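Visitor: I have a structure to look through, and I would like to know the reasons behind the labels. Could you walk me through it?

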Amino acid sequence: MNRHEPLIHIAKRDSIAWWQAWLVRLGAVVLALLTSALFIYALTRLNPVKVYGAMWEGAFGTPRRAWITARDTSILLCIGVGLAPAFMMRFWNVGAEGQVLMGGCATAAVLIYCGRSLSTPALLGLGLAASLMAGALWGIVPAVFKAKWNTNETLFTLMMNYIAIQLTCFFVTKWENPKGSNTVGIINQKTQAGWFPDLAGQQYLLNVIIVLTVTVCMFLYLKYTKQGYEISVVGQSENTARYAGISVRRVIVRTMAISGAVCGLSGFIAVAGASHTVSTSTAGGRGFTAIIVAWMSKFNTFVMILIALLLVFLEKGAIQIASQFHLNDYASNVVEGIILFFLLGSEFFIQYSVRFRSRRSEKEAEA
Amino acid sequence: MTQLISLLTSAIVFGTVILYGAVGEIVTEKSGNLNLGVPGIMYLGGIAGVAAAFFYEMHAAEPIGIVGLLLSFAAALAASMLGGLIYAFLTISLRANQNVTGLTLTIFGAGLANLFGGSLNTLAGGVGQISVAVTSRAYRAYIPALAGLGRVGQLFFSFGFMAYLAIAVALGASWFLNRSRAGLNLRAVGEDPATADAAGVNVTRYKYAATCVGAGISGLGGLYYAMDYIKGTWSTDGTIEALGWLAVALVIFATWRPARAIWSAYLFGVLYWAYNYITGLSRASIELFKMLPYVVTILVLVAVSLRRSKESQPPKSLGLSYFREER
């Protein structure tokens with residue numbers, strides 16, 4: 001008997017059929033849902049089947065809830081879409097949180113300072129431009145340092161988040177209304193100037209339309225344009241890119257400007273289209289969650305829709321359960337964490353095949 | 001002078017929290033694992049400690065501080081190492097991406113801790129905020145005779161034992177990484193795992209050990225925060241998360257050297273609290289003031305990448321998974 005063969009043998013797969021890959025991912029989701037159900041059961045003694053019934057109720061139970069789910073999904077999706085080009089370039093933009101906040105602050109500034117003098121379309125146009133620029137600026141700064149001096153972009157963008165958070169706190173105290181409340185309050189509550197208009201009677205339809213348009217555009221940009229191709233070459237191998245005559249520095253800065261701008265756009269939508277106020281919870285950790293959305297979907301913006309929806313569904317559902325049982329909303333983060341751990345782990349089984357040392361191979365070795 | 005002393009003491013208390021976080025993360029990063037789960041791990045350590053003390057104080061008729069202390073210390077260590085183990089299993093064995101896994105761990109840890117921190121009392125049938133006063137008092141005990149020595153006593157002897165333990169752990173880590181054989185092997189793994197592997201170092205084992213031990217140390221930061229800094233209560237305001245990221249910043253600021261992290265941590269504390277001692281600051285400018293540690297860290301990060309001196313670079317394989325067959 002060959003005693004030297006290890007118990008588990010791991011080999012990289014050459015390829016895997018798409019349906020097999022999705023089967024593995026589906027299995028991971030199912031396992032994760034079971035684990036979360038167990039967790040919720042341990043806390044609440046609620047029948048696990050009913051748990052998911054209640055979660056469904058929380059996310060889609062009424063038209064209003066369904067629209068809020070759609071609204072939150074679209075913002076998470078928008079941030080994820082913004083991160084896609086950066087990740088495809090293997091540039092670790094962990095700074096989405098800050099880029100979203102800067103976009104949100106820029107929008108709020110436009111609504112507050114020009115709210116009386118400009119019409120809503122002009123306000124929206126100006127807010128859009130300001131948020132794109134603010135987000136892009138927050139993306140370009142680390143990109144320039146990465147391109148010129150190879151400064152570690154993960155840590156740089158991470159720090160930029162906290163500068164943005166403090167800046168947001170600074171603006172909140174500057175714009176606070178009423179004085180002493182430490183919140184900005186609803187901006188232009190009476191006039192609704194600079195708010196997204198209702199479309200077909202739906203408050204959040206415009207949000208969804210904008211984000212879906214951006215999603216499609218980003219998919220086309222990454223897949224079919226010259227710039228998108230350059231991004232993927234730089235991501236695969238910077239040396240190859242240089243050899244092919246691509247200016248790596250320019251691609252890095254340009255891509256991060258786009259990435260930051262789309263994240264800034266999410267801030268614009270979150271402020272002008274959803275909350276109509278600004279605070280650090282305008283981003284509220286979604287900048288970090290979106291990183292996971294973008295990474296899981298392998299830069300495919302359509303897969304992002306699915307993952308974003310799954311995460312928001314879990315969030316809304318867990319909040320529903322938590323409020324029924326007088327727990328707090330953080331239950332949703334736990335469930336989110338569990339499901340992401342399983343999805344992250346499942347990628348391994350897609351990329352590698354695992355073979356256990358079987359009886360048969362031992363016999364073969366003897367023979 | 002009194003003001004200066006009180007600024008320095010609050011800076012030391014603040015610095016101790018992030019010093020634990022940073023030293024743990026340095027040990028982890030030296031193995032090539034960039035664990036962005038530090039805030040989550042600090043949360044896990046904090047809540048495990050509080051929960052252990054809470055159940056002990058609830059069930060014991062006459063809770064004794066030192067027993068609660070030992071129980072909560074062990075629980076915090078175990079929980080945060082478990083968090084590190086999740087990260088290690090996913091990134092080392094399953095080769096998941098380190099950044100994404102770390103961020104997930106932060107989401108998970110923060111969620112779990114705030115869920116229990118906010119609802120533990122309700123779940124146990126009590127009302128209001130969770131509080132573990134007896135255990136917390138044991139954590140904050142100091143020697144009155146020494147602390148009474150005027151300003152010197154206040155500056156050097158007025159802290160709970162964990163403030164001194166943090167310095168000891170940092171110095172110990174410094175010795176380990178620079179002087180011991182295992183520490184040098186660990187650094188080799190972080191710089192170039194393939195070479196270390198060829199030299200007969202068990203890369204997987206070193207990475208696992210460094211990540212779990214590092215997580216254990218980081219988790220103590222959360223424990224110190226919960227037991228000493230906010231005196232055995234819990235608040236879901238997200239401070240631990242902010243401190244956790246500050247600990248990650250401190251790793252960069254200290255250029256991956258645990259001994260340097262000691263004074264850097266206190267410097268961060270001074271920067272963070274300075275606004276309290278400058279008169280005439282508006283609330284708005286206080287918020288700008290709190291930005292300082294992060295700005296300074298970015299400056300250091302840029303300076304490090306500009307100077308390219310060999311001693312102060314991040315570990316070379318930081319953030320990359322190692323798979324022997326892929327060489």
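Guide: Gladly! Please keep in mind that this is a predicted model. Let us start with α13 of chain B: the cover over its buried residues includes α1 (2-29), α8 (161-179), α12 and α15 (292-307) of chain B.

Visitor: Which residues of α13(B) are the buried ones?

Guide: They are B:P258, B:A261, B:I262, B:S264, B:A265, B:F268, B:G269, B:Y272 and B:W273. As for its length, α13(B) has 16 residues and reaches 23 Å between its first and last C-alpha, close to the 22 Å expected at 1.5 Å a residue.

Visitor: Just before that helix comes B:W256, in the loop between α12 (239-253) and α13 (258-273) of chain B. Why is B:W256 called buried?

Guide: The cut-off is 20 or more other C-beta atoms within 10 Å. B:W256 has 23 of them, so it counts as buried. Its phi is also worth a look: about 60°, a positive value although B:W256 is not a glycine.

Visitor: What makes B:R95 partly exposed?

Guide: Partly exposed means falling between the exposed limit of 12 or fewer and the buried limit of 20 or more. B:R95 has 19 C-beta neighbours inside 10 Å, so partly exposed is the right label. This residue lies in the loop between α3 (65-93) and α4 (98-123) of chain B, and its phi is positive too, near 55°.

Visitor: Turning to chain A, how do you know that it is as compact as a globular protein of its length?

Guide: Chain A has 14 helices and two strands. Its radius of gyration is 23 Å, and the globule rule gives 21 Å for 367 residues; the two are close, so chain A is as compact as a globular protein of that length. Of those 367 residues, 49% count as buried.

Visitor: And why does the length of α12 in chain A agree with what a helix should span?

Guide: Its 24 residues, 301-324, should span 34 Å at 1.5 Å a residue; the end C-alpha atoms are 35 Å apart, so the two agree. After α12(A) comes A:H326, with a positive phi near 55°.

Visitor: Which residues have the most contacts inside the largest nonpolar core?

Guide: They are A:I291, B:A22, B:V23 and B:L250, in a core of 220 residues. Beyond its neighbours within four places in sequence, A:I291 is in contact with A:L83, A:V94, A:A96, B:V100 and B:L103.

How values were computed
Residues are numbered from 1 along each chain as its sequence is written. Chains are lettered from A and ligands numbered from 1 in the order in which they are written. This is a predicted model: local features need pLDDT of at least 70, side-chain atom pairs count only at pLDDT 80 or more; totals for chains, interfaces and linings use all residues. A nonpolar core is a set of buried Ala, Val, Leu, Ile, Met, Phe, Trp, Tyr and Cys residues joined through C-beta atoms within 7 Å. Two residues are in contact if their C-beta atoms, placed from the backbone, lie within 7 Å. Helices (H or I, at least four residues) and strands (E, at least two) are DSSP runs, numbered from the N terminus. The radius of gyration is taken over C-alpha atoms; the globule rule is 2.2 Å times the number of residues to the power 0.38. The expected span of a helix is 1.5 Å times one less than its number of residues.
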